[in-house]
Amino acid sequence: MEELDQKTYQFENRCTLTKPMVRELIWAQMAWVRVLAVLITLIEGVSALLCVYHICIGQRPPVDELASLIIGLICVAALWTVPGKSAKAALDKMKRDSGGTLCQVTIRFGEQIELRDGAGVKQYSYAGIRRVFSLRRSYALIIGQNTNILLDRKGFTKGEFPAFRDFLAQKRPDLKIPK
């Protein structure tokens, strides 16, 4: 990667995105999918128990029960795979945009947010941050409608993660900044 310019930045984070990191962010943003998947899974559990009950008492489960079970299982499988497929699509798009490989992303925080990746340099304002997620593998800033910036908690090459959270809280006191 080209040498970064010498502007003053308080924090710098270097991160190589992985499918688990992106999938985790998608799950966080798609709470409705998670809720729906859990509800359908519970309903499917009841349906499966009814089928087992009919078999235990020596009866054949009704066709509508079996159909409901099969359709429900297909729906559950589809819902549980949405984040993984979406993560793969997002990473594939990033690879295409950056010339075929996932490169290391460098995010610098000063007066503005500067993101450098294989596709070039982008600048963002702190005012554009809509939401912040604290994920198991990373920390995510959601900017505007289409921009997600993932930070590796251990990827700070300038500054440290706890100080960065305080810095972000000062820049955006109106946002809930998770730990």
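Good morning. I begin with helix α4, residues 161–171, whose buried residues are Phe161, Phe164, Arg165, Phe167 and Leu168. They cover an arc of only 160 degrees around the axis, and therefore they lie on the same side of α4. Please keep in mind that the model before you is predicted.

What do the buried residues of α4 pack against? Their partners are the strands β1 (11–15), β2, β5 (129–134), β6 (138–143), β7 (147–152) and β8 (156–158).

Let me turn to two of those strands, β5 and β6. They run antiparallel and are joined by five bridges. Within this pairing, Ser134 has Tyr139 of β6 as its bridge partner. The connection from β5 to β6 is a hairpin that passes through three residues.

Next, I consider strand β3, residues 113–117. Is this strand largely enclosed or largely open? Four of its five residues are buried, so β3 is largely enclosed by the rest of the structure.

Strand β3 has a pairing with β2, residues 105–109, which is antiparallel and extends over four bridges. Here Thr106 is found opposite Arg116 of β3. The two strands β2 and β3 make a hairpin, with three residues between them.

Strand β3 also pairs with β4, residues 120–124, again in the antiparallel sense, and this pairing has five bridges. Asp117 stands opposite Gly120 of β4. Between β3 and β4 there are two residues, and the strands form a hairpin. As a general remark, side chains in a regular strand alternate between the two faces of the sheet.

I now come to the charged side chains. In general, side chains of opposite charge can pair when their charged atoms come close. How many salt bridges does a search of the whole structure find? The search finds four, and I shall describe three of them here.

Glu12 and Arg14 meet through their side chains in a salt bridge, at 3.2 Å from N to O. Glu12 also forms a salt bridge with Arg108, where the closest N and O atoms are 3.1 Å apart. This second pair links distant parts of the chain, since Glu12 belongs to strand β1 and Arg108 to strand β2, 96 residues apart. Taken together, Glu12, Arg14 and Arg108 are linked in a network of salt bridges.

Which members of this network are buried, and which are partly exposed? Glu12 has a relative accessible area of 9%, so it counts as buried. Arg108 is likewise buried, with a relative accessible area of 9%. Arg14, at 27%, is partly exposed, because the partly exposed class runs between 20% and 50%.

A further salt bridge joins the side chains of Asp174 and Arg172, at 2.7 Å from N to O. Its two partners fall into opposite classes: Asp174 is exposed, at 58% relative accessibility, whereas Arg172 is buried, at 11%.

Finally, I draw your attention to the surface. Val35, Val38, Leu39 and Leu42 form a nonpolar patch there, and their accessible area together is about 360 Å². One of these residues, Leu39, lies in helix α2, residues 31–56. With a relative accessibility of 46%, Leu39 counts as partly exposed.

To close, I return to helix α4, where the buried residues lie on the same side and pack against strands including β1 and β2. Those two strands also hold Glu12 and Arg108. Thank you for your attention.

Key:
Residues are numbered from 1 along each chain as its sequence is written. This is a predicted model: local features need pLDDT of at least 70, side-chain atom pairs count only at pLDDT 80 or more; totals for chains, interfaces and linings use all residues. Side-chain values use heavy atoms; hydrogens and water are left out. Buried means under 20% relative accessible area, exposed over 50%, partly exposed in between (1.4 Å probe, protein chains only). Two strands pair if DSSP finds at least two bridges between them. Patches are made of residues with over 30% relative accessible area and no salt bridge: like charges are joined within 9 Å, nonpolar side chains (Val, Leu, Ile, Met, Phe, Trp, Tyr) within 5 Å. Accessible areas come from the Shrake-Rupley method with a 1.4 Å probe; for residues, only the protein chains shown count as cover. The arc is that of the directions from the helix axis to the C-beta atoms. Contact means heavy atoms within 4.5 Å.
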